[in-house]
Each structure stands twice: as structure tokens, then as C-alpha cells.
Amino acid sequence: MNLILLGAPGAGKGTQAEVICDKLHIPAVSTGNILRAAVKNGTEMGLKAKEFIEKGALVPDSVIIGIIKERLAEPDCANGFILDGVPRTVAQAEALEQMGITIDKVVDLEVADETIMHRLTGRRVCAACGASYHVENKPSRVEGKCDRCGGDLVARKDDQPETVKDRLKTYHELTEPLIEFYKERGKLVVVEGHESIADTSELLLKALEA
Ligand code: AMP
């Protein structure tokens with residue numbers, strides 16, 4: 001199954017992608033994680049992307065399309081994948097179509113902007129593997145350490161309140177039009193993302209079965 005998780009930053013795409021990943025045994029592909037790894041490793045792409053990420057702007061479509069083309073060609077994506085945080089513009093969605101990639105379902109995780117602000121300011125991510133936690137909603141077993149790999153948990157620079165506001169504005173202007181794009185293609189399923197992580201996962205897995 002080839003899936004897309006749509007939704008604002010902080011809607012829970014990364015967390016739910018991990019759940020679906022474990023259930024359906026397909027990899028989650030997060031352009032955000034790929035970009036952050038590139039920034040950390042100081043690659044040419046990382047150097048280009050850093051300033052966009054830190055100010056809460058989108059990285060240019062050409063860079064994202066290159067990343068996704070390369071990643072989806074890897075063997076672990078042959079039996080399906082979950083795209084988390086991509087496409088984020090109509091140009092990226094059109095590029096996927098032009099690559100001949102068929103999408104089975106697009107899940108729109110809907111969460112109000114006020115909830116997003118609370119979630120993102122409490123979010124912590126593993127500096128080593130990218131796994132996502134929340135100080136209240138999803139704490140790690142050992143404070144400050146990743147359950148999966150023991151890496152250090154850190155707050156993302158772009159989760160600062162002012163940057164979150166910019167990211168939400170960008171989402172409404174450039175990413176929200178994708179809801180209509182996939183509705184027109186008969187692929188869209190809407191899932192309420194306000195519930196607890198476990199309840200949202202249940203709603204989401206039900207929506208995928210339907
Ligand atoms: P995320 O972890 O998905 O919230 O992404 C973090 C940041 O990486 C975003 O705020 C953008 O700067 C950049 N980014 C990730 N995915 C994309 C994408 N598909 N298109 C453009 N920029 C992206």
C-alpha cells in the first residue's frame with residue numbers, strides 16, 4: 001500500500017507513520033528526517049536546506065523531488081511506503097504523478113492550530129534516529145533518552161513558537177490545497193487527529209481498511 005499522510009506540522013504525522021509502519025511493515029519516508037540528517041552531516045544538500053528549515057519555510061521543490069525520487073527507488077519501498085511530510089506543494093504532488101508513482105490513499109490528519117502550538121512546543125525528537133516524543137503526551141521511558149536507540153532527545157529549533165506560526169501559515173497557503181487535489185482524485189480520507197495517539201491510530205487504521 002502506497003500512502004500519504006497529509007496534515008499541518010504537529011498534526012501527528014510522524015507519530016502515526018511509526019504506528020502504520022509497524023502494523024503494515026512498510027517504511028515511513030519523512031523528507032523532514034532526511035533533510036535534518038543532511039543538515040547534521042553537513043552535506044551540500046543539508047547546507048542548502050538549513051536556512052529554509054530554521055526559518056520555517058519550505059525547501060525548494062526541486063530539492064524535495066530529487067530526494068523522494070532517490071528514496072522511493074530503494075528496495076525497501078518496493079512493497080509500499082508511507083510518505084510523511086511530502087508532498088507539501090501541488091508541484092511536488094504533480095511530480096509524484098509524473099514519476100509514475102501510484103498512491104492508494106491519502107490520509108488528512110485534521111488538528112486545530114491551537115492544539116498544534118501546544119504539541120510542537122512540547123515535542124522532543126531523537127537526535128540520532130529521529131523518533132518523536134512529547135513531554136506530556138508521549139514521554140520516553142527514561143527522561144531525555146530515546147526508547148529505540150538511547151540517543152539524546154532534543155527540542156527542534158523550528159518548534160519555537162514564532163517559527164511554528166510561520167510554518168502554520170506556510171501550511172495553510174501551500175499545503176492545504178493538496179486536500180482538494182487528492183479529493184478530486186478520489187484518494188482522500190479525513191481522520192480527526194485531536195484524540196489521544198492510540199485513539200487516532202485506531203481511527204486511522206480503520207480508515208485504511210475501508
Ligand atoms: P517536518 O519534519 O516534516 O515538519 O519538516 C521540517 C522542515 O523540513 C519543514 O519545515 C521544511 O522546511 C522542510 N521540509 C520537509 N519536508 C518538506 C517538503 N516536502 N517540502 C518542502 N520542505 C520540506
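How many nonpolar, polar and charged residues does the shell around the ligand have? I began my notes with this question, and since the model is a predicted one, I treat every value below as computed from that prediction.

**Entry 1: the ligand shell**

I looked up the classes and found that the shell around the ligand is made of seven nonpolar, four polar and five charged residues. In total, 16 residues surround the ligand, and I noted T31, R36, A57, R88 and Q92 as the closest. When I asked which element supplies the largest share of this shell, I arrived at helix α2, residues 31-41, which contributes four residues.

**Entry 2: polar contacts of the ligand**

I then went through the nitrogen atoms of the ligand and the protein atoms that face them. In the side chain of T31, an N or O atom is 2.8 Å from a nitrogen atom of the ligand, and for Q92 I found a polar side-chain atom 2.9 Å from a ligand nitrogen. V59 takes part through its backbone, where an N or O atom lies 3.0 Å from a nitrogen atom of the ligand. The ligand exposes 480 Å² when taken alone, and I recorded that the protein buries 96% of that area.

**Entry 3: cysteines**

I looked for disulfides and counted zero, the rule being a pair of cysteine sulfur atoms within 2.5 Å. Why is C77 without a partner? The closest cysteine sulfur to that of C77 belongs to C21 and is 10 Å away, which is too far for a bond. I also noted that C77 counts as buried, because its relative accessibility is 5%, below the 20% limit. C129 is likewise in no disulfide, although the sulfur of C126, the nearest one from another cysteine, is 3.8 Å away. For C129 I recorded a relative accessibility of 39%, so this residue counts as partly exposed.

**Entry 4: two residues of helix α7**

My last look was at helix α7, residues 161-175, in which T163 lies and where E162 also has its place. Is T163 buried or exposed? With a relative accessible area of 12%, T163 is buried, whereas E162, at 53%, is exposed. Leaving aside residues up to four places away in sequence, I found T163 touching E54, K55, G56, K157 and D158. G56 also came up when I looked at E162: the two residues are 106 residues apart along the chain, and their C-alpha atoms are separated by 9.1 Å.

Methods:
Residues numbered from 1 in each chain as written. Predicted model: local features only at pLDDT ≥ 70, side-chain atom pairs only at ≥ 80, totals over all residues. Heavy atoms only, no water. Near = heavy atom within 4 Å. Polar contact = N/O pair within 3.5 Å; in protein donor to acceptor, adjacent residues only side chain to side chain. Areas by Shrake-Rupley, 256 points an atom, 1.4 Å probe, with all protein chains shown as cover. Helix = DSSP H or I, 4+ residues; strand = E, 2+ residues; numbered from the N terminus. Nonpolar A, V, L, I, M, F, W, Y, C, P; charged D, E, K, R; others polar. Buried < 20%, exposed > 50% of the residue type's maximum accessible area, 1.4 Å probe, protein only. Contact = heavy atoms within 4.5 Å.
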